[in-house]
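Please load the model in your viewer and keep a selection panel open. The stops below go from one sheet to a second set of strands.

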Amino acid sequence: MFSINSFIKTAGGEFVQVEACQTRPADPDYVEGAVEILANGREIVGKREWDYVDQVWSYLATMVKDLRSRETVSVYYPDQPIKIEFTRQASRVVVASISGDMVRRASVDLLEFESVISAAGELFFGRMSELLPERAESYKIARSELISG
């Protein structure tokens, strides 16, 4: 079981799922929020690792594209010492987060990984394009990395 949820952080500090968000983010250049990645019932990252959520999603999209030609890809969150890593192992992907001494990882089916991350990214970038139409072109580019290949 693999799932991804995206949240926007409101001015009051609450997290709202991106698909339910009705309010334009206060700062379109620094959209605070979180990506929650759950694999086999284990939280790999969640709301406590919030950051600039649209940048995190852009990084994830690039990682998905790069994973098609590499065995391991990784990136750090834009404003946190949190590393996300994807490693292909035959028909599986090990999804991991590393923050200091804390390492959280789980192995998921490659086809499920690709399907879930593409759908979650499509949902995120689609909704963000509605909330921030002036950023729609950059979101479109990131979306294309999720599906190209």
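**Strands, stop by stop**

Begin by selecting residues 92-99, strand E8, which is joined to E9 by eight bridges, the two running antiparallel; strands here are DSSP runs of E with at least two residues, helices are runs of H or I with at least four, and both are numbered from the N terminus. Within this pairing, pick Ile98, whose bridge partner in E9 is Val103.

The model is predicted, so local features need pLDDT of at least 70 and side-chain atom pairs pLDDT 80 or more, while totals for chains, interfaces and linings use all residues. Residues are numbered from 1 along each chain as its sequence is written, and side-chain values use heavy atoms, without hydrogens and water.

Now widen the selection to the open sheet of four strands, ordered E6-E7-E8-E9 with antiparallel pairing, where two strands count as paired if DSSP finds at least two bridges between them. Strand E6 (72-76) and strand E9 (102-109) are at the edges with a single partner strand each, so one side of each has no neighbour in the sheet.

Next, select strand E1, residues 2-9, in which six of the eight residues are buried (under 20% relative accessible area, against over 50% for exposed and in between for partly exposed, with a 1.4 Å probe and protein chains only). Seven bridges tie E1 to strand E3 (residues 32-39) in an antiparallel arrangement, and there Asn5 has Glu36 as its bridge partner.

Finally, add strand E2 (residues 15-17), which pairs with E1 in the antiparallel sense over three bridges, with Phe7 opposite Gln17. E1 and E2 form a hairpin with five residues between them, and Gly13 in the turn has a positive phi of about 90 degrees.
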